[in-house]
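Work through the exercises below with the sequence and the 3D structure at hand. Each task is followed by a solution in steps.

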Amino acid sequence: MTERSAQPRVTSAAWFKRAKECLPGGVNSPVRAFHAVGGEPIVIRSGRGALIEDVDGRTYVDFVCSWGPLILGHAHQAVVEAVRQAAERGTTYGALCELEIELAETVTSLYPGLEKVRFVSSGTEATMSAIRLARGVTGRDVIVKFSGCYHGHADHLLVAAGSGLATFGQPDSAGVPESFASQTRILPLDDDEALETLFHQEGDNIAAVIVEPIPANNGLLLQREAFLRKLRNLTQKHGALLLFDEVISGFRVGAGGAAELFGITPDLATFGKVIGGGLPVGGFGGAGTIMDNLAPEGPVYQAGTLSGNPVAMAAGLETLRTLKREQGWQKLETAGKKLETMLTPILEASKTPVQLVRCASVFWLAFQGGAAPRRADAIEPRAAKNYRRFFHLMLENGVYLAPSSYEVGFLSLAHEEKHLQHLCNSISAALDKM
Ligand SMILES: *Cc1c(COP(=O)(O)O)cnc(C)c1O
């Protein structure tokens, strides 16, 4: 990976101009537009392993990995082959097929307490449906979420939601009726007292508490195990369901997600990203006694034309099989540790305050000193400004990081030592220039 000059990306610019004519903001998901870092997005032509190439022919080591799904890297051969074979037998039937049963058997065997799962086509659908199920099962309306946790863009979850919203400093979205949001209670993360007070006041009206057990959409706000355990105990005591949103952490931080890592079993868990191996898959599940409240067994309606389609199922199944076969989770933890070892002295020598926060193969560069933040309001607001300059220096050096200081980075099995070395060298060079 060679040094490059800051030549304008002519072809990317031309495509982005066309994109803005026909796509709102030129994109299909807001953070992709580079608003938080300034400048114009690069337009991608291809990905292979740890690398992506833009339409101007520049290559980058990719640490976004499509925001998490690509745990094996781009165009992994076994996944591509599984997808090809499935597609040749028809891409969707709208009827029960073998592959959805096999993926369901696989995920229920890996995730603690998961007896039954329903597949959908995105993480948003998974959390939206899981909340409906929780309300249907408990006969209660109130849900509790934490400030800075993102659970997709369903109406009642789009409150203090981090991710693209944190990026834009919008606390909320237009188009969400107040009456929807009024059924959602917001608490700060890492605050035992606030949690206890809320449960004391209205614990018996709460249908579910939804949390990212490893919050990774508003920086990486690693929680104390004791806080998550308190959540487990209070929900149990008050007959509310505990919902772990493992759309990022599921099948990423280990075979059994955060539930296994902390030894805490939720009542419901939601999945996305890695579970689809780069194709659109989400899922939610729990004990059979809860899941059998879904139609056609029970009164809670939920459906999907392309849910469980064989092509997407094949990608997810091959991804999980490869991770198991190759002891992928162990290798990713080793890679994460290596990155930490390589990067720590570089960050410690930096004049600009910056620290690495990491959980397994998920990492975040926090542009602030002191203790790593555990809650959204502990993030230094000036960090975003430092990150703008840093992001573009990294891009010029052939490293693609998330175009927002609030987003995390991901390692995949395709990231080799040379890629980590390139990341560290580039960070060192960028920090020197800041
Ligand atoms: C990405 C994400 C979602 C939403 O998933 P989509 O597939 O983008 O709809 C929900 N929850 C968490 C924790 C996520 O990271």
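A polar contact is a pair of N or O atoms within 3.5 Å; within protein, one must be able to donate a hydrogen and the other to accept it, and residues adjacent in sequence count only if both atoms are side-chain atoms. This is a predicted model, in which local features need pLDDT of at least 70, side-chain atom pairs count only at pLDDT 80 or more, and totals for chains, interfaces and linings use all residues. Residues are numbered from 1 along each chain as its sequence is written, and side-chain values use heavy atoms, with hydrogens and water left out.

**Exercise 1.** Find polar atoms of the protein that contact oxygen atoms of the ligand.

Step 1. Start with the backbone: a polar atom of Gly123 is 2.8 Å from a ligand oxygen.

Step 2. Go on to side chains. Lys273 places a polar atom 2.6 Å from an oxygen of the ligand, and for Asn217 the distance is 3.0 Å.

**Exercise 2.** State how the residues of the shell around the ligand divide.

Step 1. List residues around the ligand, including Ser122, Thr124, Tyr150, His151, Glu212 and Asp245.

Step 2. Sort the shell: three residues are nonpolar, six polar and three charged. Here Ala, Val, Leu, Ile, Met, Phe, Trp, Tyr, Cys and Pro count as nonpolar, Asp, Glu, Lys and Arg as charged, and the others, Gly among them, as polar.

**Exercise 3.** Judge the predictor's confidence, given per residue as pLDDT from 0 to 100.

Step 1. Take the chain as a whole: the average pLDDT is 95, and 96% of the residues score at least 70.

Step 2. Look for a weak stretch: over residues 167-171 the pLDDT is below 50.

How values were computed. Near = heavy atom within 4 Å. Contact = heavy atoms within 4.5 Å.
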